[in-house]
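Please work through the exercises below with the sequence and the model open beside you. Try each task on your own before you read its solution.

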Amino acid sequence: GTNAGAGAAEPGAATVKVGYFPLVHTATAVHASEAGVFSKNGINVELVQTQGGATAIPTLVSGNIDVTYTNYTSVLLAKHKGIPLTIISGNDVGVEDHGIFVKKDSGIESIADLKGKKFAVNNLQNIGTIAITSLLEEAGLQRGDVEIIEMPYPDMQAALDSGNTDAIWQVEPFQASAKTNGFTKIGNLFDGPVADMPVAGWITTEKFAKENPEAIKAFKASIGESAKELQDNRDELVKLVPTFTKVTAEVVKQIEMPKFTSDIDNDQLAKAAELMHKYGIIDKPLDVGTLLPNE
Amino acid sequence: MTQIAEEQVVGGHKAATTRPRQTPKAVLGLIGVLVFLGAWELLPVLGIVNAKYLPPASEVLAALALDLGLTAFWVAVGDTMTAWAIGLAIAVVLALVLGLLIGMSPFLRRFTNSTIEFLRPIPSVALIPLAVLLFGMKIESSLLLIIYACFWQVLIQVLYGVADVDNVAMQTARSYGFSHWQRVRDVVFPTMLPYLMTGIRLAASVALILAITAELLIGSPGLGNEITLAQSGGAIAGMYALILATGFLGVLINVVTRVVEKRVLSWHPSVRGEATP
Amino acid sequence: MQSENPTSHAGGRTLPDGEALLSVRNLKKVYRTDAGDIEAVRNLTFDLGRGELVCLVGPSGSGKTTLLKCIAGLLASTEGEVRLDGQVITGPPKKMAVVFQEYGRSLFPWLRVAENVELPLKNAGVPKNERKVLVEQALEAVGLAHVPKSYPWQLSGGMQQRVAIARAVAYQPEVLLMDEPFAAVDAQTRADLEDLIRSVWKKLGVTVLFVTHDIDESIYLGERVIILSSSPTVVQEDIVIDLPAERDQLETRSLPRFTELRHHVYAEIQKAKQGHRPEEAITMVAK
Amino acid sequence: MQSENPTSHAGGRTLPDGEALLSVRNLKKVYRTDAGDIEAVRNLTFDLGRGELVCLVGPSGSGKTTLLKCIAGLLASTEGEVRLDGQVITGPPKKMAVVFQEYGRSLFPWLRVAENVELPLKNAGVPKNERKVLVEQALEAVGLAHVPKSYPWQLSGGMQQRVAIARAVAYQPEVLLMDEPFAAVDAQTRADLEDLIRSVWKKLGVTVLFVTHDIDESIYLGERVIILSSSPTVVQEDIVIDLPAERDQLETRSLPRFTELRHHVYAEIQKAKQGHRPEEAITMVAK
Amino acid sequence: MKTLKSIGYLLGLPLILLAWWWIATSGAANFFVPTPAQLAETFVETWMGERLVTDVLPSVIRLVVGVLAAIVLGIGLGLAVGLNRTMRALTEPVFEFFRALPPPVLVPVLMLLVGINDGMKIAVIISGCIWPVLLNTIEGVRSIDPVQNETSRSYGISGFNRIRYQVLPSATPTIMAGVRQCLSIGLILMVISEMFASSSGLGFTIVQFQRSFAVPEMWSGIVVLGLIGVALSFIFQWCERRVLRWYHGLKEVENAV
Ligand SMILES: Nc1ncnc2c1ncn2[C@@H]1O[C@H](COP(=O)(O)OP(=O)(O)OP(=O)(O)O)[C@@H](O)[C@H]1O
Ligand SMILES: Nc1ncnc2c1ncn2[C@@H]1O[C@H](COP(=O)(O)OP(=O)(O)OP(=O)(O)O)[C@@H](O)[C@H]1O
Ligand SMILES: [Mg+2]
Ligand SMILES: [Mg+2]
């Protein structure tokens, strides 16, 4: 983990433990910490490296960290099941950094060609499933026309190569290696009906949000600033990412830039919730308003 | 099969007459490892798998050599081994004590049977949310998983070992008025020891597996976490180098348990059979 | 010259209440197995006075080992009871040593010879230096002073058996039960060990029940010989051995009385093997 | 009346090349242990002719079992060699049966009595009905026809030993090695088994090497008795037993020649125990 | 009366534990730990329907195939290795190497080699639960009583006959300890094998419940695992009692007194 410089933070202010998984996309938090953005905004942040997936939310609920980075679908699901969570800041929105790849010469050129094929996502209960299903519907297919299977991002290219799946979803930096490995990108996952879908952001528990409104505001502001500074600054990313991940500078030079933002687009979020309901990931409608701090 | 058994039949003579020229165990082991690495090297070359996803052994070994020069690698090994050692020790002691207690009492054996069989197959992996909830990402989480997984392995071995006590040996102890505790210490424990050693050998690698799995899935520092990092960074050779390191740790642990076994079981047919001509 | 017929009882001799150290009463033992019940002992009654040295002979499979295990409190009887000092035996009593017929399995393979001999003493809380002396003496007495550091499985059969004997002797028990303890040793060693047991018995006043197949041995050693019938097992005869207390391998064995007793016992065993049963026993069986 | 001194050789008797079935030459066996080397046998040389019945006696721990295992091809010798029919033995030869001193452990506890006896026959490919007859006869001969379905651990010590004997007899071997096979049975059974071995030997022409501690038994049974010295072990003496071929428990044992031989062997063993060594052996030791 | 006693033994401790859990959860509710009542309700809802056929059954079939294969392979290899000193020295480090590899990192490699199918899942199960059988077989073979070995050798019982009539029976008590371990490890690996590249199965379902924070459902899945474990184990113990009748007879004669 990387520790934040205490800089301009008020002495005596409690340290906020922020959990993050080392990815290109979490460069926002690392940058904010390294560049002193957090302290400038008056909070002490300790970055704690965590695992994504199954453990992020339990870790948060158990009180071992105060804030964590996670995808919105998991948050909505947890909320739906009654875990009191609050989204405090956006982080990234799906754009060209999420690609759909097929094998060269597979004959698959568009979403419509996926009929009867297998498509791999990293997690069935996640934004990827929603996005691909929407894309399928748009292309005039049914959910059942494509078999959506689950496997970790790093294993997908091998599975595609060996024919165990026909199409895969790759996020940066895997997208970059998929390109170098000669797979064909047939489109972006967040496109058309799901263009600009918010993918992941920062959350905390309702209790922490209520007790630390200042810290939360400062955190969101810091991510916002950091997002702006990084957005069109590939050089900074090239410098920063290899320091906290195992992604090499060469790869960072080739990636599609993510779209960083601390904004939370209520409408998009509501749409995500609606789609989740529609596709049966949750069994009753969810008011996303309850997830936002100011209510 | 016949051939193997045949060789055993005249084994005694072979060992005696060819004694000075007999290939040392370590050399044979090394040959085994080299054959394995050779096969691995050939897999991509023969086109059975794509070298992009499973790089040849040479490349992975080179990556491992690179790792060996990094402090971060050794820190990770240290973290993993700490969790391994503490978890294994607690599990073994716990299982040994409970195993002796349960194994020696027909009542407890029957009374706990269904519960043990129910709890045993619960995957440690499924306990991760619970562990995280209780302990967060601290070492205790890893320990919980390690102990849970290893405990059963050792327990079952101990139960079978206790059941193996020789009647005449036990009657001897009883007739000489050994107290309950003395019987456990002087008769049951030594009889059970070979079983326990197998249990420890099983548990030692399970503990390593769980230490790494916990790091992999919870994110506490250690080799497993390094593996995730390498994976999510797309560093395939680096990832396999770490897996290789894990395997070598397993081999190392086995060497240590074998040495211990040789000492504590020198009297047992399984060990003494190796020494006599 | 004494009377031709040795003083003997068909059925075991019993003592008045309070005089017996060990009393066996109507002992019956049935092993229950999947394939059916096996009656090892039908009905045994006899007494052992304090400090007696009694030999037990009987055909193979007649239940000698079973009887010994019942007396040692290692086996529960099916009917009847065994009393030691008036107390019904329910578990192994204190200060008792047993030399098992399966001597190989009764030694702990993980302990060296001296450690095997020492263990019961250690567990009984005998101080270290005292233990050392006892172990050394016992090993010396059975002719194994040169191998204290060997493991039992590095010894010959006879040597293993002598370790088991040394262990019992070193323990200085009050009751000593021995199940064919000299079966695996050569004639000369056997003679030495017989004298060892007699001298230990005299010195410590220990009560000894000694199972043997060697009729000469039973007479040479014992003050009394109990003969078991063949299965279904009862006491065939209980003979007092009226030989002088001081016994000598050459002298005693050449006494005419020795030969007389020997013939008598031999004849009894032969009868036992042929299925002859003492009258009392038969009536007991009948009712 | 025959000569006072029995025909005997100090050192083992050897036969001209080609006449011996089994020849032991300068056999030496040293056990290597962590605690140092144990010399079990120093130098043994003797021959067994085809169809001979030879008894082997010697003090406890003198290496009888070791010698038997070397002959059986179960142990590699340290020096010297054992030849069967002129072939150096490197592994267990065909058609050989061994009755081990540790009879209890040599029976397979997962097989019933009859199955234990049957196994070697089954393995040798003897047809089923023939097997059945052989097993029944063998069990009958050792007096165990009534327990074919018991497990070995449900039997008494002597019964277990008789199962091991039955197994060897049923196998109809050409060479039969027996290591104190009657140690655990009563006197009467022992006599019966002795006669059984003699009759099997006569009927099948099998070559028998028989280890025993009972001097009378060695003389009653054997055509020759080999006496081993105490450790370091050499052949102390090799005596021809010139008793009539038809032997009878009562008659033979009461022959004056029997008594003579008995005294001779007894004296030799006593000498062996006291450390006396034959001259040849001593010179061998010296060089 | 006897069956009553058996039932008492079977359910005694579980009931005590259940009561304890009831009391422990009756006060403060924790989102991640359901109450027994909740769990029971979810259990019936979740597992007593179609899922039994679509998810549980295929998983159990894979499990059984994998476990049986592991037992056969483990015993076969164990005999080969245990009977031969050179083989043992040659293979031990490689075995130990594989033994130490965590299944979660092994699965991707198996996916590469075997592909994504039932074969892969069975391979994952075998790769993990072969070890206790293998190790125990090796140890069992190594610790055979030397007198038994000598008996076999002297009667010329060798090769397959020796394995069948002497080596295997003698090592069976030890092997059984390994088989028993193998059952529960197989169950664990069944779950892990379905965590990757799967779209049905018991393990898959449990993981999906876990991901979607359906906590009582997840625990009910774990209960299903436990129940399968108990069932397998009882089947196993029934077989063991038959195979090892001689052994229990031998050991229980007086140990029970
Ligand atoms: N564990 C057992 N299970 C079943 N039957 C047994 C068991 N132990 C002994 N028996 C039977 O009980 C009878 C008496 O056996 P025991 O060992 O007491 O005889 P023994 O007099 O000691 O014979 P030996 O002189 O041959 O040692 C035998 O018929 C035997 O088969
Ligand atoms: N496995 C072994 N390891 C080391 N030493 C052994 C081993 N087996 C036997 N010995 C030693 O070899 C010597 C001869 O033993 P062996 O068993 O051949 O004697 P034996 O003549 O059969 O004696 P007994 O009549 O008592 O059975 C003994 O001193 C014994 O301690
Ligand atoms: Mg007996
Ligand atoms: Mg011997």
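The exercises that follow deal with an annotated domain, two metal sites and two ligand sites.

This is a predicted model, in which local features need pLDDT of at least 70 and side-chain atom pairs count only at pLDDT 80 or more, while totals for chains, interfaces and linings use all residues. Residues are numbered from 1 along each chain as its sequence is written, chains are lettered from A and ligands numbered from 1 in the order in which they are written, and side-chain values use heavy atoms, with hydrogens and water left out.

**Exercise 1.** Find which residues of chain C the UniProt annotation "domain: ABC transporter" covers.

Solution. Step one is to consult the record: the unreviewed UniProt entry places this domain at residues 22–255 of chain C; such positions are given in the numbering used here, feature names are shortened, and annotations may be inferred rather than shown by experiment. Step two is to describe the span, which is 35% helix and 27% strand, with its end C-alpha atoms 31 Å apart. Helices (H or I, at least four residues) and strands (E, at least two) are DSSP runs, numbered from the N terminus.

**Exercise 2.** Identify which atoms coordinate the magnesium ion (ligand 3), and state whether each donor residue is buried, partly exposed or exposed.

Solution. First, look for donors, meaning N, O and S atoms within 2.8 Å of the metal (3.2 Å for Na, K and Ca); water is not among the atoms, so sites may look incomplete. The search gives OG1 of C:T65 and OE1 of C:Q101, at 1.8 to 2.2 Å. Next, locate the two residues: C:T65 belongs to helix α1 (residues 64–71) of chain C, whereas C:Q101 sits in the loop between β7 (96–99) and α2 (103–106), so that the pair, 36 residues apart, links distant parts of the chain. Finally, classify them, where buried means under 20% relative accessible area, exposed over 50%, and partly exposed in between (1.4 Å probe, protein chains only). C:T65 is partly exposed because its relative accessibility is 21%, and C:Q101 is buried because its value is 10%.

**Exercise 3.** Determine which protein donors hold the magnesium ion (ligand 4).

Solution. The donors are OG1 of D:T65 and OE1 of D:Q101, lying 1.9 to 2.2 Å from the ion. D:T65, with a relative accessible area of 23%, is partly exposed, while D:Q101, at 10%, is buried.

**Exercise 4.** Describe where ligand 1 lies and which residues come nearest to it.

Solution. Begin with the chains: ligand 1 lies between chains C, D and E. Then list its surroundings, counting a residue as near if one of its heavy atoms lies within 4 Å; of the 22 residues around ligand 1, C:K64, C:T65, C:T66, D:S156 and D:G158 come nearest. Last, check the polar contacts, here pairs of N or O atoms within 3.5 Å: an oxygen atom of ligand 1 is 2.5 Å from an N or O atom in the side chain of C:T65, and a polar side-chain atom of C:T66 lies 2.4 Å from an oxygen atom of ligand 1.

**Exercise 5.** Find between which chains ligand 2 lies, and give its polar contacts with C:G158 and D:E180.

Solution. Ligand 2 lies between chains C and D. A backbone N or O atom of C:G158 is 2.8 Å from an oxygen atom of ligand 2, and a polar side-chain atom of D:E180 is 3.3 Å from an oxygen atom of ligand 2.

Definitions and conventions. A polar contact is a pair of N or O atoms within 3.5 Å; within protein, one must be able to donate a hydrogen and the other to accept it, and residues adjacent in sequence count only if both atoms are side-chain atoms.
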